[in-house]
Amino acid sequence: MTEEEAKEDFLKRIENYRMQYEPLDLEYDEDKSYIKVINAGKSFYVHNVNGHVQSRVVYFLMNIHLLPRSIYLSRHGESEYNRIGRLGGDSPLSENGLKYAGKLLEYFANEKLDDFRIWSSQKIRAAQTASHLKDLAEHTEFWKCLDEIDAGICEGLTYEDFESRYPKQFAERDKDKYHYRYPSGESYEDLVARLEPVIMELERQSNVLVVSHQAVLRCILAYFTNQNRDDLPYLKVPLHTVIKLTPKAYSCEVEMFKFDIDAVNTYREKPK
Ligand code: F6P
């Protein structure tokens, strides 16, 4: 499509909207709550906004943009704890994990991204992975709120240890994984709340790579792909895989790039 054709098509679209919708009237709609977004976010007209939810909506609309960009999600490379099936902790990368960090550098060097930013969790395994790429990025930032779900009293246990030491807790998590909160730790619901500032900031940014963890990346992926609470804690975010999210008009394109470097599988199926 030429530039002229695109412009004509766009103006026709506005004409069609004009036939379908009624404009808000300053006097007649005086009592209604609304926000007008003018010229794709150049200016805003906010009217009669009350309460928490409405002001969150205004905040959200003021932070989104329509410029083309991609958000990349990657777990850290395989860690020493991953290899022995332990939850959480702060162990370094395994040999395979280090290889993955090296390959990630090649991958992003080929992507040739403008204004590329890296946000990493503060856990050693994530920071080690992200630091391999630091020369490619404008900024590398380490966010505490990108750290993995806090498994509380189960930190450092395997799923088998968890089941044998705390069978009731284990069964409760299986029953409702989204709401289950580890004693002295977090739930997926807590994680979603912890990640709100990250998600809002992702909406404002251009090309960003988030280097984080299985549970955290599930929450971010669920937000961009519109997943429900039951499915969110079971989304597949394997090790040694880059997930590329490209926001489009009404959805988000998801591409997965699996690297050919061995890694353990940390996925636990939803019990039947
Ligand atoms: O096993 C890797 C890991 O990142 C753990 O540190 C974390 O507790 C777990 O995955 C989260 O996944 P799930 O919620 O499926 O147990």
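This is a short tour of a predicted model, with selections to make in order.

**Stop 1: the annotated site.** Select Arg75, His76, Gly77, Glu78, Ser79, Glu80, Tyr81, Asn82 and Arg125, which an unreviewed UniProt entry lists under "binding site". These residues are spread over 51 residues of sequence, yet they cluster in space, with a largest C-alpha distance of 14.0 Å. The next stops take some of the listed residues in turn.

**Stop 2: His76.** Keep His76, one of the residues on the UniProt list, and show its surroundings. His76 sits in the loop that runs between strand 3 (71-75) and helix 3 (80-83). Is His76 buried or exposed? His76 counts as buried because its relative accessibility is 2%, and the cut-off for buried is under 20%. Now display its contacts, leaving aside neighbours within four places in sequence: Asn82, Tyr100, Arg125, Ala126, Thr129, Val211, Ser212, His213 and Leu239. Asn82 and Arg125, both among these contacts, are also on the UniProt list. To see a polar contact, draw the distance between the side chains of His76 and Arg125, which is 3.3 Å.

**Stop 3: helix 5.** From Arg125, extend the selection to helix 5 (residues 124-131), where the buried residues are Arg125, Ala126, Thr129 and Ala130. Why do they lie on the same side of helix 5? They cover an arc of only 125° around the axis, and this puts them on the same side. In an α-helix there are 3.6 residues a turn, so residues three or four places apart point the same way. Next, show what covers the buried residues of helix 5: this includes helix 4 (95-111), strand 4 (117-121) and strand 6 (208-212). Arg125, Ala126 and Thr129 were already seen at the previous stop, among the contacts of His76.

**Stop 4: Glu80.** Go back to the UniProt list and pick Glu80, which lies in helix 3. Glu80 is partly exposed, with a relative accessible area of 37%. Apart from neighbours within four places in sequence, the contacts of Glu80 are Ser91, Pro92, Leu93 and Ser94.

**Stop 5: Ile38.** Finally, select Ile38 in strand 1 (residues 34-38). Ile38 is partly exposed, at 34% relative accessible area. Beyond neighbours within four places in sequence, Ile38 is in contact with Ser43 and Tyr45. Add Arg229 to the selection and draw the C-alpha to C-alpha line: Ile38 and Arg229 are 33 Å apart in space and 191 residues apart in sequence.

Methods
Residues numbered from 1 in each chain as written. Predicted model: local features only at pLDDT ≥ 70, side-chain atom pairs only at ≥ 80, totals over all residues. Heavy atoms only, no water. Buried < 20%, exposed > 50% of the residue type's maximum accessible area, 1.4 Å probe, protein only. Helix = DSSP H or I, 4+ residues; strand = E, 2+ residues; numbered from the N terminus. Arc of directions from axis to C-beta. Contact = heavy atoms within 4.5 Å. UniProt positions renumbered as here; feature names shortened; annotations may be inferred. Polar contact = N/O pair within 3.5 Å; in protein donor to acceptor, adjacent residues only side chain to side chain.
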